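Hi,

Here is the structure I promised to pass on to you. Have a look at it first, and then read on for what I found in it.

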Amino acid sequence: MHLKSLTLKGFKSFATATTLKLEPGVTCVVGPNGSGKSNVVDAIAWVLGEQGAKALRGGKMDDVIFAGTSGRAPLGRAEVTLTIDNSDGALPIDYTEVSITRRLFRTGDGEYEINGDRCRLLDIQELLSDSGIGREMHVIVGQGQLDQVLHAKPEDRRGFIEEAAGVLKHRKRKEKALRK
Ligand code: ATP
Ligand code: MG
(Lines give C-alpha, C1' and ligand atoms only; values in the text may rest on other atoms or scores of the structure.)
(Ligands and ions follow the chains in the order given, each with its own letter.)
Protein backbone atom coordinates (compact mmCIF):
# COMPACT_ATOMS: atom_id res chain seq x y z
CA MET A 1 0.00 0.00 0.00
CA HIS A 2 1.27 3.48 -0.79
CA LEU A 3 -0.09 6.96 -1.39
CA LYS A 4 -0.54 7.49 -5.13
CA SER A 5 -1.70 11.05 -5.48
CA LEU A 6 -3.08 14.04 -3.67
CA THR A 7 -5.37 16.61 -5.28
CA LEU A 8 -6.06 19.96 -3.64
CA LYS A 9 -8.81 22.32 -4.84
CA GLY A 10 -9.38 25.53 -2.94
CA PHE A 11 -7.46 24.13 0.03
CA LYS A 12 -5.44 26.86 1.79
CA SER A 13 -3.05 28.45 -0.75
CA PHE A 14 -4.01 25.96 -3.52
CA ALA A 15 -6.75 27.94 -5.29
CA THR A 16 -6.23 26.19 -8.62
CA ALA A 17 -6.71 22.41 -8.63
CA THR A 18 -3.29 20.88 -8.06
CA THR A 19 -2.37 17.19 -8.18
CA LEU A 20 0.79 15.78 -6.69
CA LYS A 21 1.75 12.35 -7.98
CA LEU A 22 3.48 10.21 -5.37
CA GLU A 23 5.67 7.19 -6.12
CA PRO A 24 6.48 4.37 -3.70
CA GLY A 25 9.39 5.39 -1.50
CA VAL A 26 10.31 8.82 -0.29
CA THR A 27 8.84 12.01 -1.75
CA CYS A 28 10.40 15.38 -1.02
CA VAL A 29 8.54 18.65 -1.40
CA VAL A 30 10.89 21.59 -1.68
CA GLY A 31 10.17 25.28 -2.00
CA PRO A 32 10.75 28.69 -0.45
CA ASN A 33 9.23 29.72 2.91
CA GLY A 34 5.50 30.24 2.68
CA SER A 35 5.16 28.44 -0.65
CA GLY A 36 2.71 25.83 0.68
CA LYS A 37 4.82 22.80 1.66
CA SER A 38 3.21 22.44 5.08
CA ASN A 39 -0.20 23.08 3.51
CA VAL A 40 0.32 19.86 1.53
CA VAL A 41 0.89 17.96 4.78
CA ASP A 42 -2.15 19.70 6.35
CA ALA A 43 -4.20 18.49 3.37
CA ILE A 44 -3.26 14.86 4.09
CA ALA A 45 -4.24 15.22 7.77
CA TRP A 46 -7.47 16.99 6.80
CA VAL A 47 -8.62 14.46 4.21
CA LEU A 48 -8.02 11.69 6.76
CA GLY A 49 -10.50 13.40 9.04
CA GLU A 50 -8.54 15.82 11.23
CA GLN A 51 -11.15 17.78 13.22
CA GLY A 52 -8.92 20.22 15.06
CA ALA A 53 -8.37 23.66 13.53
CA LYS A 54 -5.19 24.06 15.58
CA ALA A 55 -3.73 20.82 14.26
CA LEU A 56 -4.25 22.32 10.81
CA ARG A 57 -2.51 25.52 11.92
CA GLY A 58 -5.69 27.55 11.73
CA GLY A 59 -8.04 29.31 14.12
CA LYS A 60 -11.29 27.86 12.85
CA MET A 61 -12.21 25.00 10.53
CA ASP A 62 -13.02 27.12 7.48
CA ASP A 63 -9.51 28.59 7.53
CA VAL A 64 -8.63 25.68 5.24
CA ILE A 65 -10.72 27.24 2.45
CA PHE A 66 -8.76 29.48 0.08
CA ALA A 67 -9.18 32.95 1.59
CA GLY A 68 -8.24 34.96 -1.51
CA THR A 69 -5.24 37.08 -2.41
CA SER A 70 -4.91 40.60 -3.78
CA GLY A 71 -5.49 39.28 -7.29
CA ARG A 72 -7.88 36.44 -6.59
CA ALA A 73 -11.28 36.22 -4.90
CA PRO A 74 -11.84 33.83 -2.00
CA LEU A 75 -13.40 30.46 -2.80
CA GLY A 76 -16.52 28.90 -1.33
CA ARG A 77 -15.16 25.44 -0.69
CA ALA A 78 -12.09 23.33 -0.10
CA GLU A 79 -11.72 19.84 -1.49
CA VAL A 80 -8.92 17.29 -1.09
CA THR A 81 -8.69 13.80 -2.59
CA LEU A 82 -6.09 11.28 -1.48
CA THR A 83 -5.66 8.22 -3.69
CA ILE A 84 -4.12 5.13 -2.12
CA ASP A 85 -2.74 2.16 -4.03
CA ASN A 86 -4.38 -0.91 -2.53
CA SER A 87 -3.13 -3.57 -4.94
CA ASP A 88 -1.78 -5.55 -1.97
CA GLY A 89 -5.23 -5.51 -0.35
CA ALA A 90 -3.98 -3.86 2.84
CA LEU A 91 -7.23 -1.92 3.08
CA PRO A 92 -10.31 -4.11 3.63
CA ILE A 93 -12.16 -3.00 0.48
CA ASP A 94 -12.52 -4.66 -2.90
CA TYR A 95 -10.66 -2.03 -4.92
CA THR A 96 -7.03 -1.89 -6.00
CA GLU A 97 -7.19 1.90 -5.79
CA VAL A 98 -9.00 3.80 -3.06
CA SER A 99 -9.78 7.52 -3.25
CA ILE A 100 -10.81 9.41 -0.16
CA THR A 101 -12.35 12.84 -0.63
CA ARG A 102 -13.25 15.50 1.90
CA ARG A 103 -15.09 18.72 1.04
CA LEU A 104 -15.95 21.70 3.21
CA PHE A 105 -18.25 24.59 2.27
CA ARG A 106 -18.26 28.04 3.83
CA THR A 107 -21.76 27.28 5.08
CA GLY A 108 -20.08 24.78 7.40
CA ASP A 109 -21.40 21.74 5.53
CA GLY A 110 -18.89 18.99 4.93
CA GLU A 111 -18.82 15.78 2.92
CA TYR A 112 -16.70 12.64 2.73
CA GLU A 113 -16.47 10.13 -0.10
CA ILE A 114 -14.82 6.77 -0.65
CA ASN A 115 -14.30 6.15 -4.38
CA GLY A 116 -16.88 8.81 -5.21
CA ASP A 117 -19.61 7.45 -2.93
CA ARG A 118 -20.76 9.62 -0.06
CA CYS A 119 -19.89 8.15 3.32
CA ARG A 120 -19.42 9.06 6.96
CA LEU A 121 -16.09 9.96 8.53
CA LEU A 122 -16.54 6.81 10.59
CA ASP A 123 -16.47 4.71 7.40
CA ILE A 124 -13.11 6.24 6.47
CA GLN A 125 -11.74 5.72 9.98
CA GLU A 126 -12.85 2.10 9.93
CA LEU A 127 -11.36 1.53 6.50
CA LEU A 128 -8.00 2.87 7.65
CA SER A 129 -8.06 1.68 11.25
CA ASP A 130 -5.71 -1.27 10.88
CA SER A 131 -3.53 0.18 8.15
CA GLY A 132 -1.42 2.49 10.28
CA ILE A 133 -2.81 5.59 8.55
CA GLY A 134 -5.50 7.52 10.28
CA ARG A 135 -6.55 9.28 13.40
CA GLU A 136 -4.57 9.27 16.64
CA MET A 137 -1.51 7.83 14.93
CA HIS A 138 1.77 9.64 14.68
CA VAL A 139 1.69 9.37 10.92
CA ILE A 140 2.44 13.02 10.51
CA VAL A 141 5.42 14.48 12.33
CA GLY A 142 5.00 18.23 12.19
CA GLN A 143 7.63 20.96 12.22
CA GLY A 144 9.08 21.05 15.75
CA GLN A 145 7.45 17.78 16.80
CA LEU A 146 10.68 15.82 16.67
CA ASP A 147 12.10 18.12 19.34
CA GLN A 148 9.03 17.41 21.43
CA VAL A 149 9.67 13.65 21.27
CA LEU A 150 13.35 14.06 22.11
CA HIS A 151 12.61 16.26 25.11
CA ALA A 152 9.59 14.30 26.35
CA LYS A 153 9.45 12.70 29.79
CA PRO A 154 10.22 8.95 29.66
CA GLU A 155 6.58 7.94 30.27
CA ASP A 156 5.34 10.24 27.49
CA ARG A 157 8.01 8.89 25.18
CA ARG A 158 6.84 5.37 25.99
CA GLY A 159 3.34 6.49 24.89
CA PHE A 160 4.70 7.56 21.49
CA ILE A 161 6.42 4.20 21.02
CA GLU A 162 3.35 2.25 22.12
CA GLU A 163 1.21 4.18 19.71
CA ALA A 164 3.65 3.59 16.85
CA ALA A 165 3.75 -0.14 17.68
CA GLY A 166 -0.04 -0.30 17.73
CA VAL A 167 -0.30 -1.47 21.35
CA LEU A 168 -1.73 1.75 22.77
CA LYS A 169 -5.27 0.97 21.64
CA HIS A 170 -5.09 -2.40 23.39
CA ARG A 171 -3.77 -0.82 26.60
CA LYS A 172 -6.59 1.76 26.49
CA ARG A 173 -9.14 -1.03 25.99
CA LYS A 174 -7.64 -2.99 28.90
CA GLU A 175 -7.74 0.06 31.19
CA LYS A 176 -11.36 0.66 30.22
CA ALA A 177 -12.28 -2.97 30.89
CA LEU A 178 -10.59 -2.93 34.30
CA ARG A 179 -12.51 0.20 35.32
CA LYS A 180 -15.84 -1.58 34.79
P1 ATP B 1 8.00 27.16 5.59
O2 ATP B 1 9.17 26.79 4.73
O3 ATP B 1 8.17 28.50 6.22
O4 ATP B 1 7.61 26.09 6.55
P5 ATP B 1 5.78 26.37 3.87
O6 ATP B 1 6.17 26.10 2.46
O7 ATP B 1 5.56 25.20 4.76
O8 ATP B 1 6.79 27.41 4.54
P9 ATP B 1 2.98 26.93 4.30
O10 ATP B 1 2.89 27.13 5.77
O11 ATP B 1 2.55 25.62 3.74
O12 ATP B 1 4.45 27.27 3.81
O13 ATP B 1 2.14 28.03 3.53
C14 ATP B 1 1.86 29.27 4.11
C15 ATP B 1 1.13 30.10 3.09
O16 ATP B 1 -0.17 29.57 2.86
C17 ATP B 1 1.00 31.52 3.58
O18 ATP B 1 1.40 32.38 2.54
C19 ATP B 1 -0.49 31.66 3.83
O20 ATP B 1 -0.95 32.93 3.55
C21 ATP B 1 -1.07 30.66 2.84
N22 ATP B 1 -2.39 30.24 3.29
C23 ATP B 1 -2.72 29.51 4.39
N24 ATP B 1 -4.05 29.36 4.48
C25 ATP B 1 -4.58 29.98 3.41
C26 ATP B 1 -5.92 30.20 2.95
N27 ATP B 1 -6.98 29.72 3.60
N28 ATP B 1 -6.08 30.91 1.81
C29 ATP B 1 -5.02 31.39 1.15
N30 ATP B 1 -3.76 31.24 1.51
C31 ATP B 1 -3.54 30.55 2.64
MG1 MG C 1 6.31 24.63 6.63
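Ligand 1 is surrounded by 14 residues, and the closest are Asn-33, Lys-37, Ser-38, Asn-39 and Ala-67. Sorted by character, the shell around ligand 1 has eight polar residues, three charged ones and three nonpolar ones. Please keep in mind as you read that this is a predicted model.

Now for the fold. The protein chain has five helices and six strands, and along the sequence they come in the pattern β-β-α-β-β-β-β-α-α-α-α. The radius of gyration is 18 Å, close to the 16 Å that the globule rule gives for 180 residues, so the protein chain is as compact as a globular protein of that length. If you want a feel for the dimensions, the C-alpha atoms fill a box of roughly 55 × 40 × 35 Å along the principal axes. Of the 180 residues, 19% count as buried. Taking contacts between residues at least 6 apart in sequence, 49% join residues at least 24 apart.

The sheet is a good thing to trace on screen. It is an open sheet of six strands in the order 2-1-3-4-5-6, with antiparallel pairing. Strand 2 (18-21) and strand 6 (117-119) are the edge strands, each pairing on one side only. From one strand to the next, the twist averages 20°. As a reminder, strands of a sheet pair through backbone hydrogen bonds, either parallel or antiparallel.

Here are some of the pairings, with residues you can click on:

- Strand 1 and strand 3 are antiparallel and share seven bridges; Leu-6 has Leu-82 in strand 3 as its bridge partner.
- Strand 3 and strand 4 are antiparallel over nine bridges, and Ile-84 has Val-98 in strand 4 as its bridge partner.
- Strand 5 (residues 110-114) pairs with strand 6 in the antiparallel sense over three bridges, with Glu-113 opposite Arg-118 in strand 6.

Which strands does helix 1 lie across? Helix 1 (residues 37-47) lies across strand 1 (2-9), strand 2, strand 3 (77-85) and strand 4 (97-105), and runs at about 80° to strand 3. Helix 2 (residues 121-128) lies across strand 4, strand 5 and strand 6, at about 40° to strand 5.

Happy to talk any of this through whenever it suits you.

Best wishes

Terms used: Residues numbered from 1 in each chain as written. Chains lettered and ligands numbered in written order. Predicted model: local features only at pLDDT ≥ 70, side-chain atom pairs only at ≥ 80, totals over all residues. Helix = DSSP H or I, 4+ residues; strand = E, 2+ residues; numbered from the N terminus. Rg over C-alpha atoms; globule rule 2.2 N^0.38 Å. Buried ≥ 20, exposed ≤ 12 C-beta atoms within 10 Å, placed from the backbone. Contact = placed C-beta atoms within 7 Å. Near = placed C-beta within 6 Å. Nonpolar A, V, L, I, M, F, W, Y, C, P; charged D, E, K, R; others polar. Pairing = 2+ DSSP bridges. Axes fitted to C-alpha atoms, helices over the stretch in contact; angles between N-to-C directions.
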